[in-house]
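Please open the model in a viewer and keep the selection tool at hand. The tour below proceeds stop by stop.

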Amino acid sequence: MPTVSTGTTITMRSTVADDDRPTGAPADREGTYGTGAMIRDVEEVSRFISSLMMGEGSYPEVAAVSLEHHFAVPVGSAVELRATVTEASSHKMVTDVVIKAGDRAAASATLTQTLPESG
């Protein structure tokens, strides 16, 4: 099993789709990458890293998430999520995630997961 430690970084790339739009957003934001979709993607990239650490059959619980928007990202834009482990122990993992559109950070997030007891 790969070793996951502080500083481990992975990148996930995707394109903002129609399904990623926020529900009930004002007209000027309805064609953009919604907060719910961003949090979903932050959780996905963070859980991928934790799966490397825990192995198959274990599932972490999200204990906390914070996300800060820096600018709106239109549907159809390519985005890159870069997740870096900032804390890793037998019971907890924290990842900092930057969501980039082009060469700019569109959002930044921190996700804390509690890891199940092993064995």
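Begin with a pair of residues: select Glu-80 and Lys-100, where Glu-80 stands opposite Lys-100 in strand 4. Please note that the model is a predicted one.

Next, extend the selection to the strands around this pair. Strand 3 covers residues 78-88, and strand 4 covers residues 92-101. The two run in the antiparallel sense and are paired over eight bridges. Now select the residues that link them: strand 3 and strand 4 form a hairpin, and three residues lie between them.

Keep strand 3 selected and add strand 1, residues 9-15. Strand 1 also pairs with strand 3, in the antiparallel sense, over seven bridges. Which residue of strand 3 is the bridge partner of Ile-10? Select Ala-83, for that residue is the partner of Ile-10. While the strands are in view, the side chains may be displayed as well; in a regular strand they alternate between the two faces of the sheet.

Then colour the whole protein by secondary structure. One helix and five strands are present, and their order from the N terminus on is β-α-β-β-β-β.

Finally, display the surface of the protein. The accessible surface comes to about 6,700 Å², and carbon and sulfur atoms account for 49% of that area. Of the 119 residues, 34% are buried. To conclude, turn to the contacts across the chain: among those between residues at least 6 apart in sequence, 67% join residues at least 24 apart.

Note on methods
Residues numbered from 1 in each chain as written. Predicted model: local features only at pLDDT ≥ 70, side-chain atom pairs only at ≥ 80, totals over all residues. Heavy atoms only, no water. Pairing = 2+ DSSP bridges. Helix = DSSP H or I, 4+ residues; strand = E, 2+ residues; numbered from the N terminus. Buried < 20%, exposed > 50% of the residue type's maximum accessible area, 1.4 Å probe, protein only. Contact = heavy atoms within 4.5 Å. Areas by Shrake-Rupley, 256 points an atom, 1.4 Å probe, with all protein chains shown as cover.
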